[in-house]
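Here is a short report for a reader meeting this structure for the first time. Please look over the sequence and the model before reading on.

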Amino acid sequence: MLTFDVTHCTLCPRRCGADRTQRAGVCGGRDTIRAARAALHHWEEPCISGTQGSGTVFFSGCALHCRFCQNGVISAELTGMDITTERLTEIFLELQEQGAHNINLVTAGHFLPWVIPALEAAKPALHIPVVYNSGGYELPETLRALEGLVDIYLPDYKFYDSETARRYANAPDYPEIAEAALTEMLRQTGTPVFDGDLLQKGCIVRHLVLPGHRHESIALLRHLAERFGTDAFLLSLMAQYTPMHEDAQYPELNRRITKMEYRSVADTAAALGFQGFTQEKSSASSSYTPDFDMQGIECK
Ligand code: SF4
């Protein structure tokens, strides 16, 4: 059961207290779901995208506001269209009809009071797993409301160092929040369960290697291995960091990562015994960012 007061929102760790009937919170969310695209997506991990694609719904807004966000058009600029809970239920079923291997909710946390009823209405007709794709900055008590509705969690684990989290996302509490969130996600799903090549249940933890931060990435992996073991979740180690603009305030972010940086982190992951996914360095391209063109959002 989700505790939520639309006039004083404390859904996420920002706990900004916005009256969402009157104004947007830090996340940009008001009291109506807003989404920018609902389509088959082929660029998730292979066990999520499969051959037919993941039925991905991209929600507008985000509570985290990372300096290096690759999806700023929807997360900060709020490109998208307001839709009803009923329309969202239809979208889930349309994606299933199109052959999606799963329903993939991207950054839905700030709309959960509306997304949960949409999922509850769709769930009896859904025969594919539901994936919850998140920046990892979530309150365990909010996540608990998703128990039984979400089959696969796909959280980022962005920062290990509180100072890095403060510098790039104004969220010095990110490391402890992300750890508590992952603990709750793992409690709900247990260890990964596959049907053939496709994941049906479990967690995939994504970590994007940032330029100049390989030592922090390595420290994070060692911590995760110690805290959770290496069999609890799949690890997806991402090399796709792309500077989206020239950032005068954070010049260290104005380059892609080097092969050496990525390789040193990937070698650590392998040595620790993590299973999961690594990326070719050639994937570092803004072409991996989809067009947020309202595809699949409008009523048919
Ligand atoms: S979900 Fe949005 S409005 Fe609610 S506390 Fe978080 S940032 Fe504020």
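Among contacts in the chain between residues at least 6 apart in sequence, what percentage join residues at least 24 apart? The figure is 72%. The model is a predicted one.

**The chain as a whole**

The chain contains nine helices and 10 strands. Its radius of gyration is 18 Å, close to the 19 Å given by the globule rule for 300 residues, so the chain is as compact as a globular protein of that length. The C-alpha trace spans about 50 × 45 × 35 Å along its principal axes. Of the 300 residues, 56% are buried.

**Two helix pairs**

Helix α8 takes part in two packings described here, one with α7 and one with α9. Helix α7 covers residues 174-189, and α8 covers residues 214-228. Helix α9 covers residues 259-272.

| Pair | Angle | Axis separation |
|---|---|---|
| α7 and α8 | about 45 degrees | 12 Å |
| α8 and α9 | about 15 degrees | 9 Å |

Take α7 and α8. An angle of about 45 degrees lies outside the ranges for roughly parallel, antiparallel and perpendicular. The two helices are therefore oblique to each other. Their crossing is right-handed. On the α7 side, the contact uses E179, L182, T183 and L186. These meet H223, L224, R227 and F228 in α8. By class, this contact has four nonpolar, two polar and two charged residues.

Now α8 and α9. Angles under 35 degrees count as roughly parallel. With an angle of about 15 degrees, α8 and α9 are therefore roughly parallel to each other. Here too the crossing is right-handed. Helix α8 contributes R214, S217, I218, L221, R222 and A225 to the contact. Helix α9 contributes M260, E261, S264, V265, T268, A269 and L272. The residues of this contact divide into seven nonpolar, three polar and three charged.

**A cysteine before the first strand**

C12 lies in the segment before β1, a strand that covers 33-41. Which residues does C12 touch, not counting those up to four places away in sequence? They are A63 and L139. C12 and V26 are 14 residues apart along the chain. Their C-alpha atoms are separated by 10.0 Å.

**In brief**

The chain combines nine helices with 10 strands. Helix α8 is oblique to α7 and roughly parallel to α9. Both crossings are right-handed.

Key:
Residues are numbered from 1 along each chain as its sequence is written. This is a predicted model: local features need pLDDT of at least 70, side-chain atom pairs count only at pLDDT 80 or more; totals for chains, interfaces and linings use all residues. Side-chain values use heavy atoms; hydrogens and water are left out. Axes are lines fitted to C-alpha atoms, for helices over the stretch in contact, and angles run from 0 to 180 degrees between N-to-C directions. Helices (H or I, at least four residues) and strands (E, at least two) are DSSP runs, numbered from the N terminus. Angles under 35 degrees count as roughly parallel, over 145 as roughly antiparallel, 65 to 115 as roughly perpendicular and the rest as oblique. A crossing is left-handed if the near helix is turned anticlockwise from the far one by less than a right angle, and right-handed if clockwise. Contact means heavy atoms within 4.5 Å. Ala, Val, Leu, Ile, Met, Phe, Trp, Tyr, Cys and Pro count as nonpolar, Asp, Glu, Lys and Arg as charged, and the others, Gly among them, as polar. The radius of gyration is taken over C-alpha atoms; the globule rule is 2.2 Å times the number of residues to the power 0.38. Buried means under 20% relative accessible area, exposed over 50%, partly exposed in between (1.4 Å probe, protein chains only).
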